[in-house]
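Visitor: Please give me a close look at a single part of this structure, the surroundings of its ligand. I should like one connected account that also shows how that part fits into the rest of the chain.

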Amino acid sequence: MADFNLFDAEEKTLEQAEELRHGMADAPAAIRDGLATLIDSYGRSVREQRRLVRVSDRLQAQLATVNHELGKRKAEAEQALDDLKSAQESLVQAEKLASLGALVGGVAHEINTPVGIALSCASHLADATQDIKKLFEADDIGVDDFKRYMATAMDTTSLILSNCERAAQLIRSFKQVAVDRTSSERRDFDLCAYIRETLASLGPHLRQAGHTVSIDCPGGITMTSYPGALSQVLSNFVMNSLVHGFEPGQIGEIRIEVDQVEPDQVRLTYADTGRGIPDQNRGRIFDPFFTTRRGIGGSGLGLHIVYNLVTGPLGGNVSVESPAKGGTAFVVTVPQVTASPTV
Ligand SMILES: Nc1ncnc2c1ncn2[C@@H]1O[C@H](COP(=O)(O)OP(=O)(O)OP(=O)(O)O)[C@@H](O)[C@H]1O
Ligand SMILES: [Mg+2]
């Protein structure tokens, strides 16, 4: 609008100048020529100004389109980021479920032995009872028969009892590990006992290949923390040693050492004697989706979850080391008492 007013005013000035030139027909030629030149150059400058205004309008329109396009792209990028975040969350959830699945498999395997023994003892006792019942009904029971039966009954019942006790104890400890994994409850627990329980639940995976595990942990460290998170960290380390560390056919060693660097800080060193992690990968292993087994079972989330659990609920830090004697070592440092959750 302002432009039009400006152009109108310029137009008027030009008309007035023209009138002035006509009105000065009698003036000396030099003045008239001067005036004509002035009017001419003023006219040119007005035309140039209009051209510039048109160019500027065009540029402004282009800028508005670009801005609009940028806004659209930004919204699209934000949407993509949201999608990626929720995909990541569901993958993390899937990984939790997968490791729970492996745990359940381990539990079934471990419990199979005591339950199997108890079952065959019970069936042996049932047969022996049936035999003695027959003798009793036929009124043909001797003292020796009765003594033999008593011995069988004592042996089998004590085996049934001890194996049921073993199964019950396994169920108790696995239940603890399994529940803690999903409920992420903060509570007091004995660190060494808990590490042993977790490793026991992974036992079948390790024993199958003959690997050995040693745990060096000074007793009496009570943690107020998230045992479920800790057990998931350990089982991810163990799974990685099995999948990535040990060569096929190799009988590997896993060593877990716990020490207290400061009064309320616990340092857990997990080391395996596997093939190690090449220098160029060491800086990336905690990144989500970094895996050297893409397409053959690796999702690259295991160590990312470890990192999140250690730096998140456990309130500590984790690093990877490359021991001079080979293999891989992870060092987890966590406070003995974690901050209570903010509600
Ligand atoms: N103990 C180890 N020995 C050798 N390499 C390892 C070890 N632990 C981890 N790595 C390397 O670090 C990478 C990332 O491990 P991470 O646990 O995050 O993913 P992944 O095991 O490949 O997949 P996922 O755990 O999701 O099944 C692995 O692909 C492997 O190259
Ligand atoms: Mg892994």
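**The ligand shell and its setting**

Guide: The shell around ligand 1 is made up of 6 nonpolar, 15 polar and 4 charged residues. In this division Ala, Val, Leu, Ile, Met, Phe, Trp, Tyr, Cys and Pro are nonpolar, Asp, Glu, Lys and Arg are charged, and the others, Gly among them, are polar. The model is predicted, so local features need pLDDT of at least 70 and side-chain atom pairs count only at pLDDT 80 or more, while totals for chains, interfaces and linings use all residues. Residues are numbered from 1 along each chain as its sequence is written, and chains are lettered from A and ligands numbered from 1 in the order in which they are written.

Among the 25 residues around ligand 1, those that come nearest are Asn240, Thr291, Gly298, Gly302 and Leu303. Two elements, α6 (227–245) and α8 (302–311), give two or more residues to this shell. With 6 residues, α6 has the largest share. A residue is near the ligand if its C-beta atom, placed from the backbone, lies within 6 Å of it. Helices (H or I, at least four residues) and strands (E, at least two) are DSSP runs, numbered from the N terminus.

Helix α8 is mostly covered, with 7 of its 10 residues buried. These are Gly302, Leu303, His304, Ile305, Val306, Leu309 and Val310. A residue is buried if 20 or more other C-beta atoms lie within 10 Å of its own, exposed if 12 or fewer, and partly exposed in between, with C-beta atoms placed from the backbone. Gly302 and Leu303 thus appear both among the residues that come nearest to the ligand and among the buried residues of α8.

The two helices also meet in the nonpolar core. The largest such core has 31 residues, and Leu230, Val233, Val306, Leu309, Val310, Leu314 and Val332 have the most contacts inside it. At least two residues each come from α4 (191–201), α6, β4 (253–262), β5 (265–272), α8 and β7 (328–335). Here, too, α6 gives the most, with 6 residues. A nonpolar core is a set of buried Ala, Val, Leu, Ile, Met, Phe, Trp, Tyr and Cys residues joined through C-beta atoms within 7 Å. In soluble globular proteins, nonpolar side chains tend to be buried together. Val306 is in contact with Val233, Asn236 and Val318, leaving aside its neighbours within four places in sequence. Contact requires C-beta atoms, placed from the backbone, within 7 Å.

Several strands accompany these helices. Two strands pair if DSSP finds at least two bridges between them. Strand β2 (residues 212–216) pairs with β4 in the parallel sense over 5 bridges, and Thr212 has Glu253 as its bridge partner in β4. The pairing of β4 with β5 is antiparallel and runs over 8 bridges. Val258 is there matched with Leu268 of β5, and the hairpin of β4 and β5 leaves 2 residues between the strands. Strand β6 (residues 317–321) runs antiparallel to β7, joined by 5 bridges, with Thr333 of β7 as the bridge partner of Asn317. Their hairpin has 6 residues between the strands, and Gly326 in it takes a positive phi near 95°.

Strand β1 (residues 187–190) is antiparallel to β3, with 4 bridges joining them; Asp188 has Thr224 of β3 as its bridge partner. In a regular strand the side chains alternate between the two faces of the sheet. Strand β3 (residues 222–225) has Met223 and Ser225 on a covered face, and Thr222 and Thr224 on an uncovered one.

The wider chain completes the setting. It is divided into domain 1 (2–74) and domain 2 (186–343), with bounds from an automatic or database domain assignment. The C-alpha centres of domain 1 and domain 2 lie 77 Å apart. Helix α2 (residues 29–137) includes Ala118, which counts as buried because it has 20 C-beta neighbours inside 10 Å. Not counting residues up to four places away in sequence, Ala118 touches Ile160, Asn163 and Cys164. From C-alpha to C-alpha, Ala118 and Leu38 are 118 Å apart in space and 80 residues apart in sequence. In the loop between α2 and α3 lies Asp139, whose phi is near 55°, a positive value in a residue other than glycine.

How values were computed
Two residues are in contact if their C-beta atoms, placed from the backbone, lie within 7 Å.
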